[in-house]
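The following exercises ask for a reading of the fold, the strand pairing, the charged contacts and the largest pocket of one protein chain. Each task is followed by a worked solution.

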Amino acid sequence: MTRDRNLETARLQKDISDHIGIGPDSLVFDFEENEGGAGTQLHVITLNPRHNQSFLFHATTGADKLEALREMLEYVRTYKDRSSSYTVQWSAKGENVLNTSYFRAKNVLEALDKLFYDRDPNSITVFSVILNPIS
């Protein structure tokens with residue numbers, strides 16, 4: 001029996017969204033073919049309407065889109081057990097507003113990579129990065 005790849009893609013994206021706890025309107029699934037046809041990279045990006053910014057949630061790689069989505073689903077099922085919670089206070093250049101964002105990451109550098117994903121590093125000033133207590 002042949003599966004409809006589009007239905008499988010939609011189901012996996014919904015499962016990922018449900019596990020993260022963010023509505024589908026606040027997530028972007030960005031697929032990128034690796035050079036030389038060596039698989040597909042998936043970046044899941046969160047959209048924050050409060051500060052009108054987007055941030056990297058996590059990236060995975062697979063042989064194709066479905067495998068990359070399956071890898072992402074596996075990650076979201078266990079990421080809270082394998083990562084720490086960070087609070088980052090930052091401001092966009094030219095704005096006089098202090099924003100607070102929360103990231104799950106293995107370390108401070110990964111949290112900052114998620115903050116700076118797909119943007120000019122000079123466009124944001126970071127004021128603090130705090131490792132949150134384990135709850």
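**Exercise 1. A charged pair within one helix**

Determine whether R11 is buried, partly exposed or exposed, and describe the salt bridge between E8 and R11.

Solution. The model is a predicted one.
Step 1. R11 has a relative accessible area of 40% and is partly exposed, because this value falls between the 20% and 50% cut-offs.
Step 2. The side chains of R11 and E8 form a salt bridge, with an N to O distance of 3.0 Å.
Step 3. Both residues belong to helix α1, where they are three residues apart, so about one helical turn separates them.
Step 4. E8, at 8% relative accessibility, is buried. The pair therefore joins a buried residue, E8, to a partly exposed one, R11.

**Exercise 2. Further salt bridges**

State how many salt bridges the whole structure contains, and characterise the pairs D64 with R5 and K114 with E110.

Solution.
Step 1. A search over the whole structure gives seven salt bridges.
Step 2. In one of them the side chains of D64 and R5 meet at 3.2 Å, N to O. This pair connects distant parts of the chain, since D64 lies in the loop between β3 and α2 and R5 in helix α1 (residues 5–20), 59 residues apart.
Step 3. D64 is partly exposed at 27% relative accessible area, and R5 is likewise counted as partly exposed at 47%.
Step 4. The side chains of K114 and E110 also meet in a salt bridge, at 3.8 Å from N to O. They are four residues apart in helix α3 (residues 108–116), so they are separated by about one helical turn.
Step 5. K114 is buried, with a relative accessible area of 5%.
Step 6. Elsewhere, E8, R11, D15 and R70 are joined into one network by salt bridges that share partners.

**Exercise 3. Overall architecture**

Give the number of helices and strands, the order in which they occur, and the buried share of the chain.

Solution.
Step 1. The chain contains three helices and six strands.
Step 2. Read from the N terminus, the elements follow the order α-β-β-β-α-β-β-α-β.
Step 3. Along the principal axes, the C-alpha atoms occupy a box of roughly 55 × 35 × 25 Å.
Step 4. The chain has 135 residues, of which 37% count as buried.

**Exercise 4. Strand pairing**

Establish the strand order of the open three-stranded sheet, and describe how β4 pairs with β5 and with β6.

Solution.
Step 1. The open sheet has the order β1-β2-β3, with antiparallel pairing. Its edge strands, β1 (27–33) and β3, each pair on one side only.
Step 2. On average, neighbouring strands of this sheet are turned by 20° against each other, direction ignored.
Step 3. β2 and β3 run antiparallel and are joined by nine bridges; Q41 is placed opposite T61 in β3.
Step 4. Strand β4 (residues 84–92) is antiparallel to β5, with seven bridges between them. Here T87 stands opposite Y102 in β5.
Step 5. The hairpin of β4 and β5 has six residues between its strands, and G94 adopts a positive phi near 85° in this hairpin.
Step 6. β4 is also joined by seven bridges to strand β6 (residues 124–131), again in antiparallel fashion. Q89 stands opposite S128 in β6.

**Exercise 5. The largest pocket**

Describe the volume of the largest pocket, the elements that supply its lining and the classes of its lining residues.

Solution.
Step 1. The largest pocket encloses about 430 Å³ of space. It is lined by 20 residues, and those closest to its centre are I22, T46, F57, Y102 and F103.
Step 2. At least two lining residues come from each of β2 (40–48), β3 (53–62), α2 (65–82) and β5 (99–105).
Step 3. β5 makes the largest contribution to the lining, five residues.
Step 4. Sorted by class, the lining comprises nine nonpolar, seven polar and four charged residues.

**Exercise 6. A loop residue**

Locate K106 among the secondary structure elements and decide whether K106 is buried or exposed.

Solution.
Step 1. K106 is found in the loop between β5 and α3.
Step 2. Its relative accessible area is 63%, so K106 is exposed, the cut-off being over 50%.
Step 3. K106 and Y79 are 27 residues apart along the chain, and 9.6 Å separates their C-alpha atoms.

Terms used. Residues numbered from 1 in each chain as written. Predicted model: local features only at pLDDT ≥ 70, side-chain atom pairs only at ≥ 80, totals over all residues. Heavy atoms only, no water. 1 Å grid on protein atoms, 1.4 Å probe; cavity = no way out; pocket = protein on both sides within 12 Å on 5 of 7 lines; lining within 4 Å. Points joined across faces, edges and corners; volume = space filled by probe spheres on them. Nonpolar A, V, L, I, M, F, W, Y, C, P; charged D, E, K, R; others polar. Salt bridge = Lys/Arg side-chain N within 4 Å of Asp/Glu carboxyl O. Buried < 20%, exposed > 50% of the residue type's maximum accessible area, 1.4 Å probe, protein only. Pairing = 2+ DSSP bridges. Axes fitted to C-alpha atoms, helices over the stretch in contact; angles between N-to-C directions.
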